[in-house]
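Hi there,

Here is the structure I promised to pass along. Please have a look at it before reading my notes underneath.

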Amino acid sequence: TRYGTVTGVQTCALPISPELAAWLARRGADPGAGAVIDPEDRLHGGEGVSLRARPPSGEASKAVETGDAGAISSALGQGVVLSLARPIEAGEGATTLLASGPGSWSTPDVDRARRGLAEFDPAAGGRGPFPLAVARSWPGADGRPGARLVVVGDADFASDAFVDFLDDRDFLLNAVGWLSGDDDLVALRGRRKEIGREQFFLSASQARDRKSTRLNSSHSSVSR
């Protein structure tokens with residue numbers, strides 16, 4: 001906090017204190033309840049609560065050139081791997097940076113989600129896509145710099161276990177660069193595409209398709 005303004009990254013790992021949730025909601029980034037699950041686009045062979053979040057389609061084309069908050073994620077073509085992420089409702093003036101896929105859904109039963117036992121219940125949670133990371137800025141006064149805030153519905157993306165997957169590292173560095181006002185560096189990184197080392201992200205649906213292809217191929221060989 002600086003002179004009553006804020007400049008920083010706030011992660012919203014589960015659980016979250018009511019005080020912090022209320023503070024963020026007043027600033028246009030309202031943390032939702034429960035966890036977001038995406039059975040079709042999670043890390044195959046990994047935990048069931050992992051998922052790949054992507055920039056919202058159609059919003060990223062001009063972000064890098066204008067220095068808008070969307071530049072943080074606009075050039076991240078591979079997506080960002082999150083784990084046990086909560087939805088973040090973007091209020092007025094906020095920009096959605098990352099969202100879950102259309103096959104995602106939310107559940108309030110975090111414990112069952114961690115154990116891979118959660119099932120979609122329309123009475124308990126809706127279907128995606130859900131905003132999972134948002135940003136907002138406020139203009140400064142009396143010649144002072146304005147405030148900038150980035151809120152991510154997960155803390156694991158920046159951990160050693162995930163930071164080298166896909167675009168996780170670039171997303172983190174872009175967020176820090178944008179928060180510090182270094183918009184040129186964010187734009188440059190977007191053109192360089194410094195993608196993480198762990199590029200073999202096999203989703204659950206892709207794994208299922210590969211298995212089906214191998215079985216069909218084996219069946220054809222036996223038939224001949």
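Below is what I found, going from a pocket to the strands and then to a helix. Please keep in mind that this is a predicted model.

**The pocket**

You may want to start with the second largest pocket, which has a volume of about 190 Å³. Its lining is made up of 14 residues, and those nearest the centre are Arg-54, Ala-99, Ser-100, Gly-101 and Pro-102. By type, the lining of this pocket holds five charged, five nonpolar and four polar residues.

**Strands 7 and 9**

Ala-99 also belongs to strand 7, which covers residues 95-99. Five of the five residues in strand 7 are buried, so the strand is largely enclosed by the rest of the structure. Strand 7 runs antiparallel to strand 9 (residues 131-138), and four bridges join the two. In this pairing, Ala-99 sits opposite Pro-131 of strand 9.

Another residue of strand 9 is Ala-135. Is Ala-135 buried or exposed? Its relative accessible area is 1%, and buried here means under 20%, so Ala-135 counts as buried. Leaving aside residues up to four places away in sequence, Ala-135 touches Ala-69, Ile-72, Gly-93, Ala-94, Thr-95, Leu-97, Leu-149, Val-150 and Trp-178. One of these contacts, Ile-72, is 63 residues from Ala-135 along the chain, and the C-alpha atoms of the two are separated by 9.1 Å.

**Strands 4 and 5**

There is a second antiparallel pairing to look at: strand 4 (residues 50-53) is joined to strand 5 by four bridges. Ser-50 has Ser-83 in strand 5 as its bridge partner.

In a regular strand, side chains alternate between the two faces of the sheet. Strand 5 (residues 80-83) has Val-80 and Leu-82 pointing one way and Val-81 and Ser-83 pointing the other, and all of them are buried.

**Helix 4**

Trp-178, which Ala-135 touches, is one of the buried residues of helix 4. The others are Asp-168, Asp-170, Phe-171, Asn-174, Ala-175, Gly-177 and Leu-179.

How does the span of helix 4 work out, and what is the distance between its end C-alpha atoms? Helix 4 has twelve residues (168-179), so at 1.5 Å a residue it should span 16 Å. Its end C-alpha atoms are 17 Å apart, which agrees. Just after the helix, Gly-181 has a positive phi of about 85°.

Happy to talk any of this through.

Best wishes

Conventions
Residues are numbered from 1 along each chain as its sequence is written. This is a predicted model: local features need pLDDT of at least 70, side-chain atom pairs count only at pLDDT 80 or more; totals for chains, interfaces and linings use all residues. Side-chain values use heavy atoms; hydrogens and water are left out. On a 1 Å grid over the protein atoms alone, a cavity is a set of points where a 1.4 Å probe fits but cannot get out, and a pocket is an open set with protein on both sides within 12 Å along at least five of seven lines; lining residues have an atom within 4 Å of a point. Grid points are joined across faces, edges and corners, and a volume is the space filled by probe spheres set on the points. Ala, Val, Leu, Ile, Met, Phe, Trp, Tyr, Cys and Pro count as nonpolar, Asp, Glu, Lys and Arg as charged, and the others, Gly among them, as polar. Buried means under 20% relative accessible area, exposed over 50%, partly exposed in between (1.4 Å probe, protein chains only). Two strands pair if DSSP finds at least two bridges between them. The expected span of a helix is 1.5 Å times one less than its number of residues. Contact means heavy atoms within 4.5 Å.
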